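I sat down with this one to jot a few things as I looked them up. The entries follow in the order I made them.

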Amino acid sequence: MTNDSSYKDKKVITIGVVRDLTGLSERQIRYYEERRLIFPERSPGGSRKYSFADVELLVEIANKIEDGVQTHEIRKEMLRREKAQNQNDVRRKMIQGQLNAQFGLRKGPSSK
């Protein structure tokens with residue numbers, strides 16, 4: 001995780017708080033982790049830590065499950081979205097590199 005990441009991505013929320021925010025049981029949350037739909041970090045003591053983005057994702061997953069979507073289908077969709085995002089990132093970097101080369105710049109506007 002980078003230093004300039006959003007507060008939504010910081011893994012600071014305990015499973016009990018996630019349970020309260022989502023209405024899911026701890027068992028459901030752990031099951032989604034087992035199915036590789038959610039990836040909490042572990043504290044030095046072994047406690048799971050979630051982000052606000054994880055909470056939003058869990059609500060999305062629960063809604064899909066309620067609509068009858070299987071976990072393996074959700075995982076496939078997540079992988080497709082991740083692949084598309086990675087491709088968009090590569091395109092953006094390529095375009096930025098072309099612009100930098102065209103205008104004789106060494107660094108992109110977001111580089112430090």
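Is R36 buried, partly exposed or exposed? I looked it up in what is a predicted model: R36 is partly exposed, because its relative accessible area is 49%, and the cut-off for exposed is over 50%. I find R36 in the loop between helix 2 (26–34) and strand 2. Its phi caught my eye: R36 has a positive phi of about 60 degrees, although it is not a glycine. I noted that because most residues other than glycine have a negative phi.

**Entry: the sheet**

I traced the strands next. Three of them form an open sheet in the order 1-3-2, with antiparallel pairing. Strand 1 (13–14) and strand 2 (41–42) are at the edges with a single partner strand each, so each has one side without a neighbour in the sheet. Between strand 2 and strand 3 I count two bridges, and the two strands run antiparallel. I checked E41 too: its bridge partner in strand 3 is K49.

**Entry: R48**

R48 sits in strand 3 (residues 48–50). I have R48 down as buried, because its relative accessible area is 19% and the cut-off is under 20%. Its side chain makes a polar contact of 2.5 Å with the side chain of E33. Leaving out residues up to four places away in sequence, R48 touches I13, T14, I15, R30, E33, P40, E41 and R42.

**Entry: D54**

What does D54 contact beyond its neighbours within four places in sequence? I get K11 and I38. The side chains of D54 and K11 are joined by a polar contact of 2.7 Å. D54 belongs to helix 3 (residues 52–66) and is buried, at a relative accessible area of 8%.

**Entry: salt bridges**

How many salt bridges does a search of the whole structure find? I get 13. I went through a few of them.

E56 pairs with K8, with the closest N and O atoms 3.0 Å apart. E56 is in helix 3 and K8 in the segment before strand 1, so this salt bridge ties together parts that are 48 residues apart in sequence. Both ends come out partly exposed: E56 has a relative accessible area of 45%, and K8 has 28%.

E77 and K64 form another salt bridge, with 2.7 Å between the closest N and O atoms. Here E77 is in helix 4 and K64 in helix 3, so the pair links parts 13 residues apart in sequence. E77 counts as partly exposed at 27% relative accessibility, whereas K64 is buried at 17%.

E77 also has a salt bridge with R81, the closest N and O atoms being 3.1 Å apart. That pair stays within helix 4, four residues apart, about one turn of the helix. R81 is partly exposed, with a relative accessible area of 42%. Elsewhere I noted R19, D20, E26 and R30, joined into one network by salt bridges that share partners.

**Entry: helix 4 and what follows**

E73 is in helix 4 (residues 71–102) and counts as partly exposed at 37% relative accessibility. I took the C-alpha separation of E73 and R92: 29 Å, with the two 19 residues apart along the chain.

Which residues form a nonpolar patch on the surface? I wrote down I95, L99, F103 and L105, with about 420 Å² of accessible area together. F103 lies in the segment after helix 4, and at 60% relative accessibility F103 counts as exposed.

Notes: Residues numbered from 1 in each chain as written. Predicted model: local features only at pLDDT ≥ 70, side-chain atom pairs only at ≥ 80, totals over all residues. Heavy atoms only, no water. Buried < 20%, exposed > 50% of the residue type's maximum accessible area, 1.4 Å probe, protein only. Polar contact = N/O pair within 3.5 Å; in protein donor to acceptor, adjacent residues only side chain to side chain. Contact = heavy atoms within 4.5 Å. Patch = residues over 30% accessible without salt bridge, like charges linked within 9 Å, V, L, I, M, F, W, Y side chains within 5 Å. Areas by Shrake-Rupley, 256 points an atom, 1.4 Å probe, with all protein chains shown as cover. Salt bridge = Lys/Arg side-chain N within 4 Å of Asp/Glu carboxyl O. Pairing = 2+ DSSP bridges.
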